[in-house]
Amino acid sequence: MFWSKKHKYNAKKTEIDWIKFDSAFEARVYTYLRDNNITILDRQIRFVLQDKFRYKGEAIRTIEYKPDFLIEWNWQQFYVDAKGMQDAQFKIKLKMWQFRYGQTGLELLIVKSIKDLEQQLWHYPSYSQHSW
């Protein structure tokens, strides 16, 4: 008999354009980006939040964070993470990411809905709006 582990928030793995997504919401974000000609440069880029180390002889694993997408919008790059539900583990990882990478100029957009994504993207002015 086959048993599959159920996701705690009922996220359903989804496939679009031969790409597998961890949730239907992440797939909807991908579809929105694709349909609006927003360049997706990469997916699931690994950020090390804390390096591995040894403590009292025990190996402690690396803590990593992987936003869903790296996009280019109006000549700027953004990391986009589709998070319908933010659990305690994500909130801790977000704080660690902000501490380690927040001052480097990397932009991270945490989106709860497509409308939220639109609002965050349109917050950044387009190239044509600059007065040179």
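Asparagine 37 sits in the loop that runs between helix 1 and strand 3 (39-43). In this predicted model, asparagine 37 takes up a positive phi of about 55 degrees, even though it is not a glycine. Most residues other than glycine have a negative phi, which is what makes such a spot worth a look. The turn into positive phi comes just after helix 1. As for its surroundings, asparagine 37 has 68% relative accessibility, and since anything over 50% is called exposed, it counts as exposed.

Lysine 56 tells a similar story. This residue is not a glycine either, and its phi is positive, at about 50 degrees. Its place is the loop between strand 5 (53-55) and strand 6 (58-60). With a relative accessible area of 74%, lysine 56 is exposed.

Back to the helix that precedes asparagine 37. Helix 1 covers residues 24-35, 12 residues in total. From first C-alpha to last, helix 1 reaches 16 Å, close to the 16 Å expected at 1.5 Å a residue. A good part of helix 1 is tucked away: Phe25, Glu26, Ala27, Val29, Tyr30, Thr31, Tyr32 and Leu33 are buried.

Some of those buried residues also turn up where helix 1 meets helix 3 (residues 114-122). Two packed helices are described by the angle between their axes and the distance between the axes. Here the axes of helix 1 and helix 3 come within 10 Å and cross at roughly 45 degrees. The two helices are therefore oblique to each other, and helix 1 passes helix 3 in a right-handed crossing. On the helix 1 side, the residues in contact are Phe25, Arg28, Val29, Tyr32 and Leu33; their partners in helix 3 are Ile114, Leu117, Glu118 and Trp122. The spacing along helix 1 fits a general rule: an α-helix has 3.6 residues a turn, so residues three or four places apart point the same way.

Zooming out, the protein has three helices and 10 strands. Read from the N terminus on, the order of elements is β-β-α-β-β-β-β-β-β-β-α-β-α. Contacts between residues 24 or more positions apart make up 55% of those with a separation of 6 or more. Of the 132 residues in the protein, 31% are buried. The accessible surface comes to about 9800 Å², and carbon and sulfur atoms account for 52% of that.

Definitions and conventions:
Residues numbered from 1 in each chain as written. Predicted model: local features only at pLDDT ≥ 70, side-chain atom pairs only at ≥ 80, totals over all residues. Heavy atoms only, no water. Helix = DSSP H or I, 4+ residues; strand = E, 2+ residues; numbered from the N terminus. Expected span 1.5 Å × (residues − 1). Buried < 20%, exposed > 50% of the residue type's maximum accessible area, 1.4 Å probe, protein only. Contact = heavy atoms within 4.5 Å. Areas by Shrake-Rupley, 256 points an atom, 1.4 Å probe, with all protein chains shown as cover. Axes fitted to C-alpha atoms, helices over the stretch in contact; angles between N-to-C directions. Parallel < 35°, antiparallel > 145°, perpendicular 65-115°, else oblique. Left-handed = near helix turned anticlockwise from the far one by under 90°.
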